[in-house]
Amino acid sequence: MSDRLLVLVRHGQSEWNLKNLFTGWKDPDITAQGVEEAKRAGKLLKEKGFAFDVAFTSELTRAQRTLSLMLDELGQTDIPVTKNIALNERDYGDLSGLNKDEARKKWGDEQVHIWRRSYDVAPPGGESLKDTLARTLPYYVQEILPCVLRGERTLVTAHGNSLRALIMVLEKLSPEAILKREVGTGVPIIYRLRADATVESKTDLAG
């Protein structure tokens, strides 16, 4: 019987998460805590009996390293892994590399809040969540979803906002609802899909 399994995991804590910096397409590695989060995610999935046929990740180190550590724990380092820019984090443009408190001093609390938590307002030189969805969703539909519907157990390790874009579609959330949705680092979100690509069940595997 076809499993139609899709598991989404946000990368473990990055060095810039720790420093409270806007990261976007910048490429810091994960911290020691991030390594532990990734390993724990892999262990949890293995303990629950999960195994995968294919994996997808972004072109950024923090997501790739998280995936690699998870696959080590799962004993599945030989499965095909596809890396694509479509799964990259939202591009924060001129905010990238800035401390969030510094950004508030420069542009004001309200403006920074709008950039961070509005659906369709982009920071200077960057992307809104709507823009992120516009590049992430077609890739999901064309490349990831067909694997899932063929019964290939699929693991996606990416970023808070690229995963939010997928979660918004999978769970049929409004722009307002998705903005309030927190995606924890290193927490597997497990979906089982019906043949029509809608969600049959969803579980957060928090350790």
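Tutor: A residue is called buried when its relative accessible area is under 20%. Please keep that cut-off in mind as we read this predicted model.

Student: How many of the residues in helix α7 are buried?

Tutor: Helix α7 spans residues 160–170, and 10 of its 11 residues are buried, so by that cut-off the helix is mostly covered.

Student: Which residues are these?

Tutor: The buried residues of α7 include Gly160, Asn161, Ser162, Leu163 and Arg164. Ala165, Leu166, Ile167, Met168 and Leu170 are also buried. Just beyond α7, Lys172 adopts a positive phi of about 55°.

Student: What share of the whole chain is buried?

Tutor: Of the 207 residues in the chain, 50% are buried. The accessible surface amounts to about 9,400 Å², and carbon and sulfur atoms account for 47% of it.

Student: In what order do the elements of the chain run?

Tutor: One reads them from the N terminus: β-α-α-β-α-β-α-α-α-β-α-α-β-β. In total there are 8 helices and 6 strands. The radius of gyration is 17 Å, close to the 17 Å that the globule rule gives for 207 residues, so the chain is as compact as a globular protein of that length.

Student: Among contacts between residues at least 6 apart in sequence, what percentage join residues at least 24 apart?

Tutor: For this chain the share is 74%.

Student: How many positive and negative side chains does the chain have?

Tutor: There are 30 positive and 30 negative side chains, and the centres of the two sets lie 2 Å apart.

Key. Residues numbered from 1 in each chain as written. Predicted model: local features only at pLDDT ≥ 70, side-chain atom pairs only at ≥ 80, totals over all residues. Heavy atoms only, no water. Helix = DSSP H or I, 4+ residues; strand = E, 2+ residues; numbered from the N terminus. Rg over C-alpha atoms; globule rule 2.2 N^0.38 Å. Buried < 20%, exposed > 50% of the residue type's maximum accessible area, 1.4 Å probe, protein only. Contact = heavy atoms within 4.5 Å. Areas by Shrake-Rupley, 256 points an atom, 1.4 Å probe, with all protein chains shown as cover. Lys, Arg positive; Asp, Glu negative; His and termini not counted. Charge placed at Lys NZ, Arg CZ, Asp CG, Glu CD.
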